[in-house]
Amino acid sequence: KALVISEQGGIARELKEAFAATSTAHILSISGLHVGMVAAFSYWAALFFFRRSERALLAFDAKKIALALSALAALAYAILSGLPVPTQRSLIMVLAFIASFASGRGKDHLNTLSLAGLIVLAIFPGSVWEASFQLSFAAMASIIILLPKLKELMGVAFVGPSGDKEAGVKRAALSFLKLRVMPLFLVTVAAGLGTSPILAYHFHRVSLAGLLANLVAVPLAGIAVPSLLVSAIFLQVSETLAWLALFPADMAFTLIAGAVTFFSSLPYASVWVAPPSLV
């Protein structure tokens, strides 16, 4: 319930505290992460079905139709969650990014983020003082600005060997790390750098275990959230299919809960700090 509609009433206080201590509490509220996951999942699912038909690919612009369907899916998901103000902000941000890709301006990330911010503030001017607004936009801006620089710095560490078969295996392993593992790690680092001062200011707390906890929890949430939504769709057809779709979500959330509990139990997993000055 927490992952799909942000209903956290069934979660034990100790587990909520573990999420807070590891800076993973954003997983339990409908945020840009969730709306973005739904949009991305819908986009790739639509493309997958389009690619099953050569005639459809020749007759239509598959990518633009998939983008339109992903926007509809994000809107439907936001309505399902009850459209609280943070979800409305997340929806506006995601729709702005979808529109930028549909119009061929997908690499203009900072302008797209700025557009989303202007729309949100035009509708909810007081949002600028809210922690959730500041954290959402700080995380996105940090990823957009810092990620290319971090990738550049880390690129030197991924110069693969050449030559024999063993070198080929090493090259494949390095390629997997560079293309799959490293981007997730660097995104988490960038978002953490951008949001830590804001978390310290509003909540007087900084999570030292947050980087590792998010590296585990966010990919697992990427399994749980789509599985839960697929289950909700299947429920309209067959209760058995709906139950089957719940199993991967259940396993993923069990692992998330175990990970955040473990990381929160480490010494100095999170520290209480004085609100930092503007400087």
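Residues are counted as exposed when their relative accessible area is over 50%, as buried when it is under 20%, and as partly exposed in between. In the model described here, which is predicted, Y268 has a relative accessibility of 66% and therefore counts as exposed. Y268 is placed in the loop between α11 and β2, the latter spanning residues 270–272. The phi angle of Y268 is near 60°, a positive value in a residue other than glycine.

A positive phi is also found at H204, which is not a glycine either; the value there is about 55°. H204 belongs to the loop that runs between α9 (165–203) and β1 (205–207). With a relative accessible area of 35%, H204 is partly exposed, because the partly exposed class lies between 20% and 50%.

Helix packing was examined for α3 with two partners and for α10 with α11. Helix α3 comprises residues 32–50 and helix α6 residues 85–102; their axes come within 8 Å and cross at roughly 40°. This angle makes α3 oblique to α6, because angles under 35 degrees would count as roughly parallel and those of 65 to 115 as roughly perpendicular. The crossing of α3 and α6 is right-handed. On the α3 side the contact involves G32, V35, G36 and A39, which meet S90, L91, V94 and I98 of α6.

Helix α3 also packs against helix α5 (residues 62–80), with axes that come within 8 Å and cross at roughly 140°. As with α6, the crossing of α3 and α5 is right-handed. The α3 residues in this contact are H34, V35, V38, A39, S42, Y43, A46, L47 and F50. Their counterparts in α5 are A62, K63, I65, A66, L67, L69, S70, A73, A74 and Y77. V35 and A39 of α3 thus appear in the contact with α6 and in the contact with α5.

The pair formed by helix α10 (residues 210–234) and helix α11 (residues 239–264) has axes 8 Å apart and an angle of about 160°. At this angle α10 is roughly antiparallel to α11, since the roughly antiparallel class covers angles over 145 degrees. The crossing of α10 and α11 is left-handed.

Two residues of α10 were considered individually. F234 is found in helix α10 and is partly exposed, with a relative accessible area of 30%. Beyond residues up to four places away in sequence, F234 touches L241, A242 and A245. The C-alpha atoms of F234 and L244 are separated by 9.4 Å, and the two residues are 10 apart along the chain. N214 likewise lies in helix α10; its relative accessible area of 9% places N214 among the buried residues. When neighbours within four places in sequence are left aside, N214 is in contact with T22, S23, T24, H26, T188 and P219.

In helix α8 (residues 131–155), I143 was examined in the same way. The contacts of I143, not counting residues up to four places away in sequence, are with P148, V187, A190 and A191. I143 and L193 are 50 residues apart in sequence, while their C-alpha atoms are 9.3 Å apart in space.

A search of the whole structure for aromatic pairs returned five. One of them joins F48 and F49, whose ring centres are 5.5 Å apart and whose planes make an angle of 75°, an edge-to-face arrangement. F48 is partly exposed at 45% relative accessibility, whereas F49, at 60%, is exposed. A further pair is formed by F262 and F263, with ring centres 5.3 Å apart and planes at 65°; this pair is therefore edge-to-face, because planes over 60 degrees apart fall in that class. F262 is partly exposed at 47% relative accessibility, and F263 is buried at 12%. In addition to its pairing with F49, the ring of F48 has R52 lying over its face, at 4.3 Å from the ring centre.

Methods
Residues are numbered from 1 along each chain as its sequence is written. This is a predicted model: local features need pLDDT of at least 70, side-chain atom pairs count only at pLDDT 80 or more; totals for chains, interfaces and linings use all residues. Side-chain values use heavy atoms; hydrogens and water are left out. Rings of Phe, Tyr and Trp (its six-membered ring) pair if their centres lie within 6.5 Å; planes under 30 degrees apart count as stacked, over 60 as edge-to-face and the rest as tilted. Buried means under 20% relative accessible area, exposed over 50%, partly exposed in between (1.4 Å probe, protein chains only). A charge sits over a ring if NZ of Lys or CZ of Arg is within 6 Å of the ring centre and within 35 degrees of the ring normal. Axes are lines fitted to C-alpha atoms, for helices over the stretch in contact, and angles run from 0 to 180 degrees between N-to-C directions. Helices (H or I, at least four residues) and strands (E, at least two) are DSSP runs, numbered from the N terminus. A crossing is left-handed if the near helix is turned anticlockwise from the far one by less than a right angle, and right-handed if clockwise. Contact means heavy atoms within 4.5 Å.
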